[in-house]
Amino acid sequence: MKQLMLGNAAAARGLYEAGCDFISSYPGTPSTEITEEAAKFKEIYCEWAPNEKVALESAFGACLSGRRAFCGMKHVGLNVAADPLYTMSYTGVNAGLVIGVADDPGMHSSQNEQDSRHHAIASKVPMIEPADADEAREFAKMAFEISEKFDTPVLYKMCTRVAHSQSITEAVERKEAKHKAYEKNIQKYVMAPANAIRRHPFVEQRMKDIAAWSEKSGINRIEKASGDAGALKISLSGAGVSGNGLSGAGVSGVEGKKVGIITSSTSYQYVKEVLGDSVNILKLGMVNPLPENMIRSFVSDLKLEVLIIVEELDPVIESFVRGMNLNCEIHGKDMFPICGEFSQNLLKTAFGKEAPCGTKLDVQIPVRPPIMCAGCPHRGLFYALNKLKLTVFGDIGCYTLGSVAPLSAMDVTLCMGASFSGLHGWNKAGGAENEKKTVAVIGDSTFMHSGMTGLATIAYNQSNSTVIVLDNSITGMTGHQQNPTTGKNLYGDPAGRVDLEALARAMGINRVRVVDPYNIAECENAVREELEVEEPSLIISRRPCALLKEVKHNPPLVVDEAKCKSCKMCMKIGCPAIAMKGGKAKIDNTLCVGCKVCSQMCKFDALK
């Protein structure tokens with residue numbers, strides 16, 4: 001049955017059709033919906049793990065038991081899972097194991113713009129990359145076949161545009177996979193040095209075998225141009241393309257020459273939209289290993305004089321092709337930017353087209369910066385930290401928005417779990433001068449992900465560090481997924497619950513206290529007191545996310561204009577429900593949840 005499907009939903013459908021039995025993931029945009037959609041199939045067991053490393057190790061255990069398994073994450077999550085991945089390349093698998101990783105060109109919801117293809121190359125693991133929803137479904141099934149055929153985990157690479165765009169796919173019935181019996185094999189699965197050194201040659205030969213398979217499997221394909229024996233005669237932009245960063249330098253002198261394009265993923269879609277069938281294309285579905293013989297045939301059989309590599313982010317394909325010593329002119333990052341996301345307009349400019357695609361707006365649209373929601377429980381705590389003029393080590397989550405004006409209550413955000421460890425090093429190196437005016441914040445989900453080890457080093461090495469867990473009872477940034485502190489599993493059913501207070505004390509933190517972030521004075525006093533003590537301390541700022549459907553809100557506040565003195569103190573918390581209109585504060589009653597944080601700011605009792 002043909003249907004319009006989101007790329008991530010199509011990926012989940014492919015996992016289902018392939019007979020996948022087990023999924024363990026950590027939510028991370030733009031990958032999250034793969035696991036959420038897969039959980040709708042009763043045949044697949046799905047779970048959220050505390051972090052990506054645990055998720056991948058759990059999926060590995062499931063594949064060893066003979067069941068096809070999947071693990072999903074975003075690109076920075078693969079950094080966390082790299083430890084097991086690189087050794088898993090040596091052990092191989094039993095039943096198929098597929099690792100979904102979603103890159104984020106343009107950094108729509110990420111702290112960096114890394115290219116996951118480097119992990120595939122370094123770990124010596126095959127990577128396949130769908131270009132639309134139908135390929136997302138088909139490639140998910142193919143990934144399991146590759147995994148079992150070549151005894152390898154397979155990286156399944158998505159990106160924001162493929163994950164979050166819709167296209168037509170045709171769903172088919174699930175095919176149950178035969179469960180494979182586990183056979184004890186110490187030399188294969190116990191990666192002590194003596195065994196690992198014997199597995200390395202297997203890995204090298206496996207990559208050669210996969211490369212040979214990819215040449216003829218159909219996962220990569222050549223699309224010949226219509227007319228003129230497949231030659232495209234175009235003029236390339238001499239000025240280069242400006243993007244969200246470094247731009248291509250531009251090329252000239254190729255007019256009238258026979259041109260071919262090598263591309264993959266969304267870049268393929270843009271090439272087709274801009275150039276249609278007028279160009280020879282080598283469309284890659286497997287981006288590691290790359291098909292050397294197929295590339296040589298593409299150039300020689302079509303007598304190409306110019307080869308253009310169209311790929312987002314790093315010049316991975318381009319570097320490989322340049323190392324092949326082909327008898328043709330090669331262009332890539334001299335035409336296209338290395339930073340940011342591509343688009344049809346960007347390609348159209350690069351290929352010397354006269355006008356950009358679509359309609360260009362002449363009006364200047366105001367920027368809408370990201371901001372914490374009205375009633376966000378983090379707002380009061382961050383206001384207190386800003387008021388105390390503290391240095392704040394931040395972390396990854398909704399609360400990263402505490403860095404945004406007017407709160408501006410965050411000094412550094414590195415990666416998940418880094419706030420506690422960073423504060424420990426800051427305090428140990430800087431001593432009392434730093435200890436009394438610095439704190440670290442982390443969310444409840446991120447604390448379970450990778451913050452516990454930071455707290456452990458504070459307790460073990462006894463730095464006088466004051467740390468704050470912002471417990472909003474959910475994983476907020478990625479769309480309200482459960483975590484080990486919520487007492488519910490992925491399906492919303494009752495589950496084991498980690499007691500943060502008991503855990504902190506068990507880890508050696510003697511001073512643990514809970515505050516309500518809607519009470520600014522309570523937050524301010526707690527932080528002041530804990531900064532003064534000569535030992536580690538933990539503050540838990542606890543109130544559920546205002547957007548949780550089970551949270552009951554108070555009636556919205558109103559402004560007594562007769563009492564309002566237009567001092568704008570209420571604006572200092574950056575709540576989107578408050579604005580100044582006609583010189584007076586105004587409450588948007590469609591946004592206000594009645595948290596009363598703003599009323600604590602008003603000295604004139606104008607907010608009721």
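How many of the 6 residues of strand 17 are buried? In this predicted model, the answer opens the first of the close-up views described below.

**View 1. Strand 17 and its two partner strands.** In strand 17, 6 of the 6 residues are buried, so the strand is largely enclosed by the rest of the structure. In a regular strand the side chains alternate between the two faces of the sheet. Here Thr438, Ala440 and Ile442 lie on one side of strand 17, while Val439, Val441 and Gly443 lie on the other, and both faces are covered. Strand 15 pairs with strand 17 in the parallel sense over 3 bridges, and within this pairing phenylalanine 393 is found opposite alanine 440. Strand 18 likewise runs parallel to strand 17, the two being joined by 5 bridges, with glycine 443 standing opposite leucine 470 of strand 18.

**View 2. Helix 14 and the elements that cover it.** Of the 10 residues of helix 14 (residues 378-387), 8 are buried, so this helix is largely enclosed by the rest of the structure. The buried residues are His378, Arg379, Gly380, Leu381, Phe382, Tyr383, Ala384 and Leu385. Their cover includes strand 15 (391-394), strand 17 (438-443) and strand 18, together with helix 19 (520-532) and strand 20 (537-542). After helix 14 comes lysine 389, which has a positive phi, near 55°.

**View 3. The open sheet and its edges.** The sheet shown here is open and consists of 7 strands in the order 3-2-4-5-7-6-12, with mixed pairing. Its edges are strand 3 (45-48) and strand 12 (286-288), and because each has a single partner strand, one side of each is left without a neighbour in the sheet. Strand 12 is joined to strand 6 (residues 127-128) by 2 bridges, and these two strands run antiparallel. In that pairing, methionine 127 has asparagine 288 of strand 12 as its bridge partner.

**View 4. The largest cavity.** Across the whole structure, the search finds 5 cavities of 30 Å³ or more, and the largest cavity holds about 140 Å³ of space. It is lined by 15 residues, of which Arg117, Glu129, Lys157, Ser265 and Glu312 are the closest to its centre. Strand 7 (154-159) and helix 10 (265-275) each supply at least two residues of this lining, and helix 10 gives the most to it, with 3 residues. By residue type, the lining of the largest cavity divides into 4 nonpolar, 4 polar and 7 charged residues.

**View 5. The second largest pocket.** This pocket has a volume of about 360 Å³. Among the 14 residues that line it, those closest to its centre are His480, Gln482, Leu490, Tyr491 and Gly492. The lining of the second largest pocket is made up of 6 nonpolar, 4 polar and 4 charged residues.

**View 6. Asparagine 489 in its loop.** Asparagine 489 is located in the loop between strand 18 (466-471) and helix 18 (500-506), and, with a relative accessible area of 26%, the residue is partly exposed. Its side chain reaches the backbone nitrogen of tyrosine 491 at 2.9 Å. When residues up to four places away in sequence are not counted, asparagine 489 touches Gln482 and Ala495. Asparagine 489 and tryptophan 48 are 441 residues apart in sequence, yet their C-alpha to C-alpha separation in space is 7.3 Å.

**View 7. Lysine 141 in helix 6.** Lysine 141 belongs to helix 6 (residues 133-150) and, at 15% relative accessibility, counts as buried because the cut-off for burial is under 20%. The side chain of lysine 141 makes a polar contact, at 3.0 Å, with the side chain of glutamate 17. Beyond the neighbours within four places in sequence, lysine 141 is in contact with Gly14, Glu17, Ala18 and Val172.

**View 8. Serine 214 in helix 9.** Serine 214 lies in helix 9 (residues 193-217) and counts as buried, with a relative accessibility of 0%. A polar atom of the serine 214 side chain is 2.8 Å from the backbone oxygen of alanine 211. Apart from neighbours within four places in sequence, the contacts of serine 214 are Ile219, Asn220, Met286, Pro289 and Pro291.

How values were computed
Residues numbered from 1 in each chain as written. Predicted model: local features only at pLDDT ≥ 70, side-chain atom pairs only at ≥ 80, totals over all residues. Heavy atoms only, no water. Helix = DSSP H or I, 4+ residues; strand = E, 2+ residues; numbered from the N terminus. Buried < 20%, exposed > 50% of the residue type's maximum accessible area, 1.4 Å probe, protein only. Contact = heavy atoms within 4.5 Å. Polar contact = N/O pair within 3.5 Å; in protein donor to acceptor, adjacent residues only side chain to side chain. 1 Å grid on protein atoms, 1.4 Å probe; cavity = no way out; pocket = protein on both sides within 12 Å on 5 of 7 lines; lining within 4 Å. Points joined across faces, edges and corners; volume = space filled by probe spheres on them. Nonpolar A, V, L, I, M, F, W, Y, C, P; charged D, E, K, R; others polar. Pairing = 2+ DSSP bridges.
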